[in-house]
Protein chains: 2
Amino acid sequence: MNKKIPIPSIERLCAMYQLIELLEKNGMEKVSSTELGRHLGVNANSIRKDISYLGEIGNCRAGYSLRKLRGYLIDNLEINRKRRSCIIGLGRLGNAILEYDRLFQSGFGIVAGFDSNINKIETIQTNVPLYPANEISIIVKREKIELGMLAVPAHAATESAKRLVDGGIIGIVNFSLAVIQPHPGVFVRNIDLVGELRIVSILSMLSKENILQT
Amino acid sequence: MNKKIPIPSIERLCAMYQLIELLEKNGMEKVSSTELGRHLGVNANSIRKDISYLGEIGNCRAGYSLRKLRGYLIDNLEINRKRRSCIIGLGRLGNAILEYDRLFQSGFGIVAGFDSNINKIETIQTNVPLYPANEISIIVKREKIELGMLAVPAHAATESAKRLVDGGIIGIVNFSLAVIQPHPGVFVRNIDLVGELRIVSILSMLSKENILQT
């Protein structure tokens with residue numbers, strides 16, 4: 001790539017990669033930018049612009065070759081790169097994530113779990129090694145863990161994030177409500193169920209009032 | 001509001017609402033667009049533009065009043081509107097969501113759970129009424145449920161979404177990998193943990209190569 005690529009384009013290209021895998025499973029070979037846009041909820045122009053960051057991929061009127069597009073995404077974005085991950089907080093959500101098979105299949109296997117409650121560490125049945133929360137920095141460094149998932153209560157999130165950063169983490173997916181202060185070189189993504197419910201609720205309301213720009 | 005508002009602005013305004021609540025808890029009264037932008041990872045101009053959709057809120061140089069800003073968000077976006085929700089799929093994730101207290105506190109209380117496995121419906125201990133998956137449409141209509149959360153395997157997602165839509169749902173939060181075909185007037189938000197891990201992984205890589213536009 002020779003142009004700087006904006007974050008929203010990366011978000012869409014990642015969603016596109018997943019869509020391409022699904023379409024290929026369904027036996028499709030070519031796809032138009034219009035069709036990609038319809039699935040991803042953006043217009044065809046944005047799709048073409050996003051794909052243009054990957055280089056010259058051939059005539060888009062004839063449709064993109066799914067195999068080729070997938071190859072470009074893998075080559076340019078290292079979208080299949082494996083990274084070791086860990087989970088902080090072993091409540092209901094943390095436990096569900098701990099046993100989520102798809103993480104391993106996607107190359108982001110969990111190699112450590114942490115909780116401040118020693119009792120949980122001793123009783124949870126899992127193949128993943130579990131440690132007390134005050135060992136986060138040491139273990140992250142020692143096990144070369146690059147990604148951390150935060151499933152702790154909001155009041156514990158800042159401290160947990162600091163420990164991850166001290167251990168040398170490069171990215172955090174934050175399920176807690178806390179706002180994690182950005183550290184240079186560390187990227188944070190927030191997942192918030194209530195926030196998503198709020199958004200669909202508002203979209204529906206604005207759409208009925210005809211003041212939603214689509 | 002007299003201008004049409006784009007979806008990304010709604011997303012940012014929802015994140016802003018949550019941030020405002022946190023800042024107010026910490027005793028803050030005013031906030032600048034720069035500060036809001038820093039927390040939300042966007043520039044101050046976007047913040048001011050987003051806020052402008054809510055109407056005239058006064059001089060932004062002196063900083064926005066948090067109380068006033070929160071009021072505008074509530075009045076314009078009905079951000080506190082209560083809606084009844086349901087969960088489809090009672091595996092580990094579905095169970096974690098079923099017991100997630102914050103849904104009730106946020107006005108999106110779960111009033112029904114569904115699974116195709118009758119055994120699960122009979123054994124799960126919860127205060128929420130549980131029903132077999134083939135009753136989704138009937139129950140959604142009868143209980144006036146407006147929001148559905150899909151925590152089913154990908155192969156069951158399309159059928160489940162169809163049942164929700166038949167019942168008159170207005171919004172779906174989809175945790176499955178399946179791409180839910182959009183229905184007119186029904187809004188879908190996808191939550192994908194692997195996708196988020198991929199994004200932070202790529203952001204880190206591109207940032208090191210200095211080809212990330214921030």
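## Strand β4 and the contact between two chains

In strand β4 (residues 85-88) of chain B, B:S85 and B:I87 point one way, while B:C86 and B:I88 point the other way. All four of these named residues are buried. In a regular strand, side chains alternate between the two faces of the sheet. Keep in mind that this is a predicted model.

Which strands pair with β4(B)? Strand β5 (residues 110-115) of chain B does, in the parallel sense. Strand β7 (residues 147-150) of chain B also runs parallel to β4(B). A third pairing links the two chains: β10(A) and strand β1 (residues 5-6) of chain B are parallel. The table sets out these pairings.

| Strand pair | Sense | Bridges |
|---|---|---|
| β4(B) and β5(B) | parallel | 4 bridges |
| β4(B) and β7(B) | parallel | 4 bridges |
| β10(A) and β1(B) | parallel | 2 bridges |

Single partners can be named too. B:I88 has B:F114 in β5(B) as its bridge partner. B:S85 stands opposite B:L147 in β7(B). Between the chains, A:Q213 is bridged to B:P6 in β1(B).

Now take the two chains as a whole. A rotation of 180° with 0.0 Å of shift along its axis superposes chain A on chain B, with an RMSD of 0.0 Å. That is the relation of a two-fold axis. The same surface serves both copies, and 100% of the contact residues of chain A recur in chain B.

How many residues are in contact? In chain A there are 57, and they meet 57 residues of chain B. On the side of chain A that touches chain B, α10(A) gives the most, with 15 residues. By class, that side has 34 nonpolar, 12 polar and 11 charged residues.

Technical notes:
Residues numbered from 1 in each chain as written. Chains lettered and ligands numbered in written order. Predicted model: local features only at pLDDT ≥ 70, side-chain atom pairs only at ≥ 80, totals over all residues. Least-squares fit on C-alpha atoms with pLDDT ≥ 70 in both. Contact = placed C-beta atoms within 7 Å. Nonpolar A, V, L, I, M, F, W, Y, C, P; charged D, E, K, R; others polar. Pairing = 2+ DSSP bridges. Buried ≥ 20, exposed ≤ 12 C-beta atoms within 10 Å, placed from the backbone.
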